[in-house]
Structures are given as C-alpha cells and as structure tokens.
Amino acid sequence: MRITGGELKGRSIKCPSGIIRPAMDRMRESLFAILGDLSGKSFLDMFSGSGTIAIEAVSRGASHVELVEKDRIKIDVVLNNVSITEKEMGQKIHCHFMAVELFLKRCKNKFDIIFFDPPFPYRFHKELIELVAKGDLLNPGGVVLIHRPKEKEMPESILQLKLSDRREYGRSTVDFYVK
C-alpha cells in the first residue's frame, strides 16, 4: 500500500496479517480531497488496521493524530508503519490498542475529524456515532466519517450530529456527520 497524498505521498507501508480490508486508494484520495486542508486539525482513526488513514492525515497536515485498533496481531506492523511520520516529519501518531467502543467511552479528547472504518460484518454503526455524540468527542464544526457496506442504512441525524454528505465507492458508502 502507498500513501496517496501530502508530504509522504508515494511512501510504501506494510499491510498486517490477519483480517484487513484496507481503504481503496481512490476512496482515500477522494475523502481527503473532500476534507480539504487538515493543517492544525486533530484526527482520530478508528478500526485503524494498518494505520494508513492516520498516516494520510499527518501527511496532509493534521497536527494531532490518534488511532485505535484492537487486533493485537497488528501491533508491530502498525507501530512500524506510523513511525514513518515521526522519522520523516517529526510528528508522532498516538496509538491505542483496544476496542473502539471502550476507547470512545474513556476518551477525554475532542477531535476535528473522526474516521470509522469497521469490518464489513460489524453491525453497530449508528451506535458508534451515538458514542461520539454522547461523549462530546467532536469539536464544533467537526465531522465524523463512517465507512459502511452500501446495503447498511444510516439515519439522517444521530443526536446532535446531522448527515451532511454521502459518497459511494463500489459496494461501500461513506457518511459524513457534522456537529
């Protein structure tokens, strides 16, 4: 896999073993184009897998980036992958190896952008957005993105978060909820 944009564009990263469905290059490029300039923004990458989205965020200017991945088999590869941002840009990605739901319940930080990319069989998409809203984890004007199978329906609003955009990529959809 390669980083698709920003300062680290073209750098290769490893794909960990185990179950992983990396975000397609085309989808990543499109999402980051929609998000625009990330300079000075905070970014949370949930169900991180290889760390690619978090690395893309740093590469494109995000100033504070965290990732969450619960699959302990992926730890070494994730840590190796994210080390590229510290080595080449002097910016550390903060890694949490735990269940996303537990992280959301414990998290005290607020973010400008939160990206969820759960495994396709995952069933609790709406509940993830509810945890973000209830935990007040999103800065005013912030956005939550959730990648899901096209056939999985999502509501127009979840608590104080409103659907602002919806993009389709092959058999998947990304919903954008804003505060």
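## A hairpin to start from

S157 in β6 (157-158) stands opposite K162 in β7. These two strands pair in the antiparallel sense over two bridges, where pairing takes at least two DSSP bridges between two strands. They form a hairpin with two residues between them, and L159 in the turn has a positive phi of about 50 degrees. Helices (H or I, at least four residues) and strands (E, at least two) are DSSP runs, numbered from the N terminus.

Please keep in mind that this is a predicted model, with local features needing pLDDT of at least 70 and side-chain atom pairs counted only at pLDDT 80 or more, while totals for chains, interfaces and linings use all residues. Residues are numbered from 1 along each chain as its sequence is written, and side-chain values use heavy atoms, with hydrogens and water left out.

## The sheet as a whole

The hairpin belongs to an open sheet of eight strands with mixed pairing, in the order β3-β2-β1-β4-β5-β8-β7-β6. β3 and β6 stand at the edges with a single partner strand each, so one side of each has no neighbour in the sheet.

Next along from β6, β7 is joined to β8 by seven bridges, and these two strands run antiparallel. Here E168 has T173 in β8 as its bridge partner. β7 and β8 also make a hairpin with two residues between the strands, in which G170 takes a positive phi near 60 degrees. β4 and β5, by contrast, run parallel and are joined by five bridges; I113 stands opposite V143 in β5.

## Helices across the strands

Two helices are worth tracing over the sheet. α1 lies across β1, β4, β5, β7 (161-169) and β8 (172-178), at about 145 degrees to β7. Helix α5 (residues 125-134) lies across β4, β5, β6, β7 and β8, and runs at about 170 degrees to β5. Contact means heavy atoms within 4.5 Å; the angles, from 0 to 180 degrees, are taken between N-to-C directions of axes fitted to C-alpha atoms, for helices over the stretch in contact.

## A covered helix

How many residues of helix α2 (residues 52-59) are buried? Eight of its eight residues are, where buried means under 20% relative accessible area with a 1.4 Å probe, protein chains only. They include E56 as well as I53, I55 and V58. Among the elements that cover these buried residues are α1 (25-35), β1 (42-46), β2 (64-68) and α3 (75-89). Just after α2, G61 takes a positive phi of about 110 degrees.

## One cavity and one pocket

I53 of α2 turns up again in the lining of the largest cavity, together with L31, F32, L35, F43, F115 and L145. About 30 Å³ of space lies in this cavity. A cavity is a set of points on a 1 Å grid over the protein atoms alone where a 1.4 Å probe fits but cannot get out; a pocket is an open set with protein on both sides within 12 Å along at least five of seven lines, and lining residues have an atom within 4 Å of a point. α1 supplies the largest share of the cavity lining, three residues. By class, the lining has seven nonpolar, no polar and no charged residues.

The second largest pocket has a volume of about 150 Å³, a volume being the space filled by probe spheres set on the grid points. β5 (138-149) gives the most to its lining, with five residues. I113 and V143 are among the lining residues, as are K41 and D112. The lining divides into six nonpolar, four polar and two charged residues; Ala, Val, Leu, Ile, Met, Phe, Trp, Tyr, Cys and Pro count as nonpolar, Asp, Glu, Lys and Arg as charged, and the others, Gly among them, as polar.

Notes:
Buried means under 20% relative accessible area, exposed over 50%, partly exposed in between (1.4 Å probe, protein chains only).
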